[in-house]
Amino acid sequence: MRQWFGLVHERSMLVRRDQLLQLQLRELQLEDKHDRLQMELRERMAAPEALKSDVDVERERELVSTLLEISEQRRALRQAMDAEQDTLRMECESAENRQ
């Protein structure tokens, strides 16, 4: 019975670890997207204002808005990752204490 509980606990820890890795993957994807959009924005902003069309200006606004959204998503992901890491750490400590 003790071995079964150990296996259930180990499975639970692996599931949590997988969830944490999924969150980290999502954060890296958002970071990559943020970097690409930021580069595009820099290139667009480097052009002289006199040469920009209304479409160019609108695209710059869209880029800034999207960058802000991504920053908010990354902040929320970091909070979720911190909570998940805390839970995983507590489970590991409780498993060590039981042994």
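Where is the place of E10? E10 sits in helix α1, and this report works outward from there.

## What you're looking at

This is a predicted model, where local features need pLDDT of at least 70 and side-chain atom pairs count only at pLDDT 80 or more, while totals for chains, interfaces and linings use all residues. Residues are numbered from 1 along each chain as its sequence is written, and side-chain values use heavy atoms, with hydrogens and water left out.

## Overall build

The protein has 2 helices and 0 strands. These elements are DSSP runs numbered from the N terminus, with helices being H or I over at least four residues and strands being E over at least two. The radius of gyration is 22 Å, well over the 13 Å that the globule rule gives for 99 residues, so the protein is more spread out than a compact globule. For the record, that radius is taken over C-alpha atoms, and the rule is 2.2 Å times the number of residues to the power 0.38. The C-alpha trace spans about 75 × 15 × 15 Å along its principal axes.

Now for contacts, meaning heavy atoms within 4.5 Å. Take those between residues at least 6 apart in sequence: 76% of them join residues at least 24 apart.

## Surface and charge

Of the 99 residues, 20% count as buried. Here buried means under 20% relative accessible area, exposed means over 50%, and partly exposed is in between (1.4 Å probe, protein chains only). The protein exposes about 7,700 Å², and carbon and sulfur atoms supply 53% of that. Those areas come from the Shrake-Rupley method with a 1.4 Å probe, and for residues only the protein chains shown count as cover.

On the charge side, there are 17 positive and 22 negative charges, and their mean positions are 4 Å apart. Lys and Arg count as positive and Asp and Glu as negative, with His and the chain ends not counted. Each charge is placed at NZ of Lys, CZ of Arg, CG of Asp or CD of Glu.

## Two buried charged residues

E27 belongs to helix α1, which covers residues 2–46. With a relative accessibility of 14%, E27 counts as buried. Setting aside neighbours within four places in sequence, E27 is in contact with L77, R78 and M81.

R74 belongs to helix α2, which covers residues 54–98. R74 also has 14% relative accessibility and counts as buried. Again leaving out neighbours within four places in sequence, the contacts of R74 are L30, E31 and H34.

## Partly exposed positions

Next to R74 in the numbering, Q73 is in helix α2 and counts as partly exposed at 37% relative accessibility. Q73 touches R26 and L30, not counting residues up to four places away in sequence. Q73 and R26 are 47 residues apart in sequence, yet their C-alpha atoms are 9.7 Å apart in space.

Back to E10: this residue is partly exposed, at 44% relative accessibility. E10 and R89 are 79 residues apart in sequence and 13 Å apart in space, C-alpha to C-alpha. S12, found in helix α1, is partly exposed at 26% relative accessibility. The C-alpha atoms of S12 and L63 are separated by 41 Å, with these positions 51 residues apart along the chain.

## The aromatic pair

The count comes to 1 aromatic pair. The rule takes rings of Phe, Tyr and Trp (its six-membered ring) and pairs them if their centres lie within 6.5 Å; planes under 30 degrees apart count as stacked, over 60 as edge-to-face and the rest as tilted. W4 and F5 form an edge-to-face pair, 5.1 Å centre to centre with 65 degrees between the planes. F5 counts as partly exposed, at 49% relative accessibility.
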